[in-house]
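Visitor: I'm new to looking at protein models, and I'd like to zoom in on one hollow space and what surrounds it. Could you pick one and walk me through it slowly?

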Amino acid sequence: MELTTALSRDLVLGLSQSLGEPEWLQNQRLAAWETFVKLPYPTTRTEEWKYTDISEVPFESLALERPTGRKGAIPEAVQARIAQADLAGYAVFVGSDLVHVELPEAYRAQGVIFTGLHEVLKERPELVRENLFKTVNWNDLVGPQARRPENSKIPALNAALFTHGVFLYVPKGVEFSKPIGVFKYLEGGHLSASRTLIVGDVNSQAVYIEEYISPTQVAPSVNTSATEIVLKQGAKVRHAHIQLLGQGFYHFHRQRALLERDAALNDLVVNMGASLSRAEVQSEMLGPGSASEMLGLYFTTGTQHVDHYTLQHHVADHAYSDVLYKGAAKDQSRTVYAGLIKVEQGAQKTDAYQTNRNLLLSEDARADSVPQLEIGANDVKCSHGSSTAPVAPEELFYLMSRGLPRHMAQQILVKGHMADVLTRIPIEPLRQYIESIIEEKVRV
Amino acid sequence: MANELEIRNLHARIVDGEAILKGVNLVVPKGQIHAVMGPNGAGKSTLGKVIAGDPGYEVTQGDILVDGESILELGPDERARKGLFLAFQYPVEVPGVSNANFLRLALQAKRGEEVSVQEFYAKLQKALETLEWDESILTRYLNDGFSGGEKKRNEIMHMMVLEPIYAILDETDSGLDIDALKLVAKGVNAMRGPNFGALLITHYQRILNYIVPDAVHVMIDGRIVTSGGPELAMKLEEQGYDWVKELALAN
Ligand SMILES: Nc1ncnc2c1ncn2[C@@H]1O[C@H](COP(=O)(O)OP(=O)(O)OP(=O)(O)O)[C@@H](O)[C@H]1O
Ligand SMILES: [Mg+2]
């Protein structure tokens, strides 16, 4: 790796000043920077990174992608998505610039806030201060991860250097069922860092879809994203993170949700793009009656590498969580899944499930799966399971014997493999879109 | 041009494994239906799969010709497009794709062009009517959770919609109740005509009461050892295979 040239404490300070941030935030960034400098990068000797080698990722040699003040122009690829997605409102970022944001008056009148993080910082700084870094920061490790602080290295980098973000606040009792969409179009060649903060107040309900899009082939690029989800009592959020970045991208996503009493999260991670990507999704069941559904879909081709980590952390009793991650790998690509169900001592009557299934479409493809349980309570229902298997030759033969060429037969088998996740996506346009991505990926 | 499906001295083995077919000779002229009978393990299903192009087997000798043209070099999908169809002894369950959507994809792949929804549904309707079957079978995932009998009937529906020139039906009659058996026979008979030939693999003379074959062949240990008319099936039903096995040994 090249030596550090692009990043420094001065860069952190200068960035914060140029964004007109208050002092508390500047100090937080500097604290994150100190942590970043101090910590080593995770290596394949780090338990959580055993199968994913990031020694070649140019974290520190790329220029930070800073806001340039662009407005208005929405890339064609994003326009197409907006046309298809049937959204309540949406925001479009090109690089670090929020070029467009739209939310119907009806939502605003009810007190819904949806715009760039820095825009909210100007008008409602207390809302941001109260919630930012509350769930994802440089010191948030839980479970066995906590014994290996290098797991905080990339989140610390993100906290010190994030250049833009999204804020969604849904007030008490406000409910909407049409999704809000956030499209992040990245041209590549930079280090990009962004944050998302979603706050669902008491008994609110919202749907949020975030998509990462780029040209199909880019110069080496690093993208880090951090998503914080705060769900107050009875709040419900359906959240999706869709990653379709081009070849050349290294993508690192960390997400953590805090669920108070009776709160519910329905989460979906779709990891289809980038040369190498890692998504870490964690749910903290802090209140009784909280429920977290965590779905994952991934499909890799060529030499792609995707890595997933899930944490179901049961702190309160009578809570529910269910992880279902399904993936397929073609060519020489590799997939990794590791997940932990951690049930704390007092968390009786926990209901927690975790399943990971992988389908291999070629002899050179590989999938590693590491499900784990750590149970500290005695009256719980927990199960976990994982499997990895090649496409069954008799299934392929059956479909082909009806006239379907191999790629179409494979397409059907991949979709069939993922069917139980797909059928759990109630947002019809989103499901269709994901299916079309799968079809496209099998074809090439 | 020969108007027939010809199996010429066919030898095949499991890939890198033992030989199963040891010189099969068989001709099914277009317009005829031939039955193949034989004890368990004789190689009947293997014959069907090798004709359809199962990559789990390799042909070591001999040839398979469709209307005079060798198909040995073709993949299973290309063979289907040449007009071959195999109704599986054990149809595979495929969740995630509906029965109808799959069938439409297959028909389009076979024709190499878009098939309009209207045309497709007209064909489906006709098949369902013949098979006296409910539309609800169309929206279910392909074979997923189908009963044994439903799977068999579904194979016949696929055949009726895809309209192959030569069909191989591998024990489509096994596990059917008497009413379902009659319906399956009705489906096959509806296909019967100068442009359709079929190879009916079966253990039971019963189905041949409804689908009267032009010829009956008996397969033992990877070879056809004797052939005859419908009366041969009757004889097997009464006497079993011992006499044919002796015949095979004598040869
Ligand atoms: N893929 C395979 N792997 C191992 N053995 C096989 C395979 N295919 C066929 N065989 C063996 O070859 C022989 C013939 O099998 P096949 O299924 O063709 O018989 P069959 O005549 O259809 O029998 P049945 O009447 O029981 O359906 C059997 O001994 C079977 O076990
Ligand atoms: Mg058989």
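Guide: Sure, let's go into the largest cavity, which has 16 lining residues, with Ile154(A), Pro155(A), Phe252(A), Arg254(A) and Glu280(A) nearest its centre. (A cavity is where a 1.4 Å probe fits on a 1 Å grid over the protein atoms but cannot get out; lining residues have an atom within 4 Å of a point.) Keep in mind that this is a predicted model, where local features need pLDDT of at least 70 and side-chain atom pairs need 80 or more, while totals for chains, interfaces and linings use all residues. Residues are numbered from 1 along each chain as its sequence is written, chains are lettered from A and ligands numbered from 1 as written, and side-chain values use heavy atoms, with hydrogens and water left out.

The volume of this largest cavity is about 120 Å³, volume being the space filled by probe spheres set on the grid points. What sort of residues line the largest cavity? By class, there are 7 nonpolar, 5 polar and 4 charged ones. (Ala, Val, Leu, Ile, Met, Phe, Trp, Tyr, Cys and Pro count as nonpolar, Asp, Glu, Lys and Arg as charged, the others as polar.) As for where they sit, α7 (153-161), β8 (217-231), β10 (247-259) and β12 (276-285) of chain A each give at least two residues to that lining. (Helices of at least four residues and strands of at least two are DSSP runs, numbered from the N terminus.)

The structure has 5 cavities of 30 Å³ or more, so to speak a little set to compare. The second largest cavity holds about 80 Å³ of space. Its lining counts 16 residues, and Arg238(A), His239(A), Leu268(A), Ile425(A) and Ile427(A) are the closest to its centre. Here β7 (205-213), β9 (236-244), β11 (264-271) and β13 (291-300) of chain A each supply at least two lining residues. The classes in the lining of the second largest cavity come to 10 nonpolar, 2 polar and 4 charged.

Now for the charges. Over all chains there are 40 salt bridges, each one a side-chain nitrogen of Lys or Arg within 4 Å of a carboxyl oxygen of Asp or Glu. Take Arg431(A) and Glu435(A), whose side chains meet with N and O 3.9 Å apart. They sit 4 residues apart in helix α10 (428-443) of chain A, which means about one helical turn lies between them. Glu435(A) is partly exposed, at 22% relative accessible area. (Buried is under 20%, exposed over 50%, partly exposed in between, with a 1.4 Å probe and protein chains only.)

In chain B, Arg13(B) bridges to Glu58(B), with the closest N and O atoms 2.8 Å apart. That pair links distant parts of the chain, strand β1 (4-14) and strand β4 (57-66), 45 residues apart. Arg13(B) is partly exposed at 32%, and Glu58(B) is partly exposed at 24%.

Arg192(B) and Asp214(B) make another salt bridge, at 3.4 Å from N to O. Arg192(B) is in the loop between α7 (178-191) and β10 (197-201), and Asp214(B) in the loop between β10 and β11 (215-220), so the pair ties together parts of chain B 22 residues apart in sequence. Back in chain A, shared salt-bridge partners join Asp140(A), Arg254(A), Arg278(A), Glu280(A) and Asp307(A) into one network. You've met Arg254(A) and Glu280(A) already, among the residues nearest the centre of the largest cavity.

One last stop is the magnesium ion (ligand 2), whose protein donors are Ser45(B) (OG) and Gln89(B) (OE1), 2.0 to 2.3 Å away. Ser45(B) is in helix α1 (44-52) and Gln89(B) in the loop between β6 (84-87) and β7 (94-98), 44 residues apart in chain B. (Donors are N, O and S atoms within 2.8 Å of the metal, or 3.2 Å for Na, K and Ca; water is not among the atoms, so sites may look incomplete.) Ser45(B) is buried at 19%, and Gln89(B) is buried at 16%. Helix α1(B) has 8 of its 9 residues buried, so the rest of the structure largely encloses it. After α1(B) comes Gly53(B), with a positive phi near 95°.

Methods:
On a 1 Å grid over the protein atoms alone, a cavity is a set of points where a 1.4 Å probe fits but cannot get out, and a pocket is an open set with protein on both sides within 12 Å along at least five of seven lines; lining residues have an atom within 4 Å of a point.
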